[in-house]
Amino acid sequence: MVKEKPNSTRQYDAEGFRRRAACICVKNEEENEVLLVTSSRRPDHWIVPGGGVEPNEEPKTTAAREVLEEAGVSGVLGRRLGVFENAERKHRTEVYVLLVTEELPEWEDSKVMGRKRKWFTVEDALAQLSQHKPVQLSYLQSLLSNPNDKVP
């Protein structure tokens, strides 16, 4: 199912959940630092970059596009951490790991809405996400749950 919204088309699965994709952006192969961005709704909150899957777009393509738009970074897309459900907002988000190889000095959301990005230790990122984003917290916990399965 598809719903039109200004500047985007929302995709829904058969159960009515909005299809989304996101990336846990890591600074190095040790995966001990992750990149968070400020929320567009709450600029004092840090979140994992991600967004809606567009029509005829693969979730991994969405994930890479969204981190470029929201965080101004690109890199090597690694393993899929899983699909995470937010029952309250009726979202299902496919989450990947991205090893960052390039950080743009300016990017779309930094210019349009003043979005910021910041590298956090995994522990500090867990603390940030635990305050306001319990589902996104589970993304990061999933990254930690299998430390032998690092980005190639």
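## A walk from helix α1 to helix α4

Start by selecting R65, which is partly exposed, with a relative accessible area of 22%. Keep in mind as you go that this is a predicted model.

**Stop 1: helix α1**

With R65 still highlighted, add E69. Both residues belong to helix α1, which spans residues 59-71, and they sit 4 residues apart, about one turn of the helix. An α-helix has 3.6 residues a turn, so residues three or four places apart point the same way. Show the side chains and you will find that E69 and R65 meet in a salt bridge, at 3.3 Å from N to O. E69 is partly exposed too, with a relative accessibility of 23%.

Next, select A63, also in helix α1. Is A63 buried or exposed? Its relative accessible area is 0%, so A63 counts as buried. To see what surrounds A63, set aside neighbours within four places in sequence: the remaining contacts are A21, A22, C23 and Y96. For a distance label, try the C-alpha atoms of A63 and R20, which are 8.2 Å apart although 43 residues separate the two along the chain.

**Stop 2: two backbone oddities**

Just ahead of α1, in the loop that follows β6 (50-52), select N56. What is its phi? N56 has a positive value of about 60 degrees, although N56 is not a glycine. N56 is exposed, with a relative accessible area of 86%.

Now jump to K90, in the loop between β7 and β8 (91-103). Its phi is positive as well, about 60 degrees, and K90 is not a glycine either. K90 is partly exposed, at 37% relative accessible area.

**Stop 3: salt bridges**

How many salt bridges does a search of the whole structure find? The search returns 12. Side chains of opposite charge can pair when their charged atoms come close.

Select R79 and E31, whose side chains form one of these bridges at 2.9 Å, N to O. R79 is in strand β7 (residues 73-86) and E31 is in the loop between β3 (18-26) and β4, so the pair ties together parts that are 48 residues apart in sequence. Switch on a surface here: R79 is buried at 12% relative accessible area, and E31 is buried at 4%.

For another pair, choose D109 and R115, which meet at 3.0 Å from N to O in a salt bridge. Both D109 and R115 are buried.

Then select D13, E15, E85 and R92 together; a network of salt bridges links these four.

**Stop 4: helix α3**

Move on to helix α3, residues 122-132, and colour V122, A125 and L129, which are buried. Why do they line one face? Looking down the axis of α3, its buried residues fall within an arc of 60 degrees, so one face of the helix is lined by them. Rotate to the other side of α3 and you will meet E123 and Q131, which are exposed.

What do the buried residues of α3 pack against? Show β4 (33-38), β5 (46-47), β9 (117-121) and α4 (134-145), and you have their partners.

While you are in α3, pick D124. D124 is partly exposed, at 44% relative accessibility. Label its C-alpha distance to E33, and the model gives 9.1 Å for two residues that are 91 apart along the chain.

**Stop 5: α3 against α4**

Two packed helices are described by the angle between their axes and the distance between the axes. For α3 and α4, the angle is about 155 degrees and the axes are 7 Å apart. With the cut-off for roughly antiparallel set at over 145 degrees, α3 and α4 are therefore roughly antiparallel to each other. The crossing of α3 past α4 is left-handed.

For a last selection, show the residues of this contact as sticks. On the α3 side, take V122, A125, L126, L129, S130 and H132; on the α4 side, they meet P134, Q136, L137, L140, Q141 and L144. V122, A125 and L129 in that selection are the buried residues you coloured at the previous stop.

Conventions:
Residues numbered from 1 in each chain as written. Predicted model: local features only at pLDDT ≥ 70, side-chain atom pairs only at ≥ 80, totals over all residues. Heavy atoms only, no water. Buried < 20%, exposed > 50% of the residue type's maximum accessible area, 1.4 Å probe, protein only. Arc of directions from axis to C-beta. Contact = heavy atoms within 4.5 Å. Axes fitted to C-alpha atoms, helices over the stretch in contact; angles between N-to-C directions. Parallel < 35°, antiparallel > 145°, perpendicular 65-115°, else oblique. Left-handed = near helix turned anticlockwise from the far one by under 90°.
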